[in-house]
Amino acid sequence: MVVPGQVGALYLAEPTDEQIARLVATISEHPWCGPVFTRAGNEIDGMAPGSLGNHLVFADHARAPDVSFSFRADDGVDPFGLIGGTFYDNDRRTGLGVHGGLHPKELAALGIVAGSAFPAAGSVSTAPSGICDFAPTILHLLEIGRPNTMNGRVLHELLWDPDRANAAIRHESFEAKLGRFRQVLRRVQVGDATYVESGTAEG
């Protein structure tokens, strides 16, 4: 079964290791195939050659597909002058954004905050962050403890909390290859929080 869109979710009736490996080998030969993920074989690689572990993109849950992939993206310029294009399983016209891709332009977003809790009016923060940080930040402002199961971090850089705003930022990358197919996943860590920066594939 295939669940279409910008991310392909492939579920096998009989998901043996051999069948999953054959599926990854087959799709990675096509020019539309971007980064590919399967359940973890170790700390980096997926259990199928050429794949990365789905835990690297936080997709290692009970309903995770046997094989997931993002369609291949590129840095082409569209008719509107915007950088970044991708294969897409839909009939929408060129220029519309999609959800689920791993191109850095697809993963980039703008967040705007206002109010007395954010004293640096007009300032811009370039520290990596994500939607998962909203709830921890709001709970922090309300002085409510956050559950241990909650992801994300408090956006101290927006609160002008100088003792806690300068968390260390570390970049990391992971690579997998199979024949001519090569994929690279890039992530960034801010303190204890981890964000996906990009996923690319070639070959």
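Here are legends for four close-up views of this predicted model.

**View 1. The buried side of helix H3.** This close-up takes in helix H3, which runs over residues 134-141. Look for Pro136, Thr137 and Leu139, which are buried. These residues sit on the same side of H3, because the arc they cover around the axis is only 165°.

**View 2. Glu143, just past H3.** Carry on along the chain from H3 and you come to Glu143. Its home is the loop between H3 and helix H4 (156-159). What is the phi of Glu143? It's near 55°, so we have a positive value in a residue other than glycine. Glu143 is also exposed, with a relative accessible area of 74%.

**View 3. Phe58 in a loop between strands.** Here we're in the loop between strand S4 (52-53) and strand S5 (67-71), where Phe58 is found. Phe58 is not a glycine, yet its phi is positive, near 60°. Is Phe58 buried, exposed or partly exposed? With a relative accessible area of 48%, Phe58 is partly exposed; the exposed class needs over 50%.

**View 4. Thr194 and its contacts.** Now we move to strand S10 (residues 193-202), which is the place of Thr194. Which residues does Thr194 touch, once its neighbours within four places in sequence are set aside? They are Phe58, Glu172, Arg187, Val188 and Gln189, so Phe58 from the previous view turns up again here. With Gln189 there's a polar contact too, made side chain to side chain at 3.4 Å.

Methods:
Residues numbered from 1 in each chain as written. Predicted model: local features only at pLDDT ≥ 70, side-chain atom pairs only at ≥ 80, totals over all residues. Heavy atoms only, no water. Buried < 20%, exposed > 50% of the residue type's maximum accessible area, 1.4 Å probe, protein only. Helix = DSSP H or I, 4+ residues; strand = E, 2+ residues; numbered from the N terminus. Arc of directions from axis to C-beta. Polar contact = N/O pair within 3.5 Å; in protein donor to acceptor, adjacent residues only side chain to side chain. Contact = heavy atoms within 4.5 Å.
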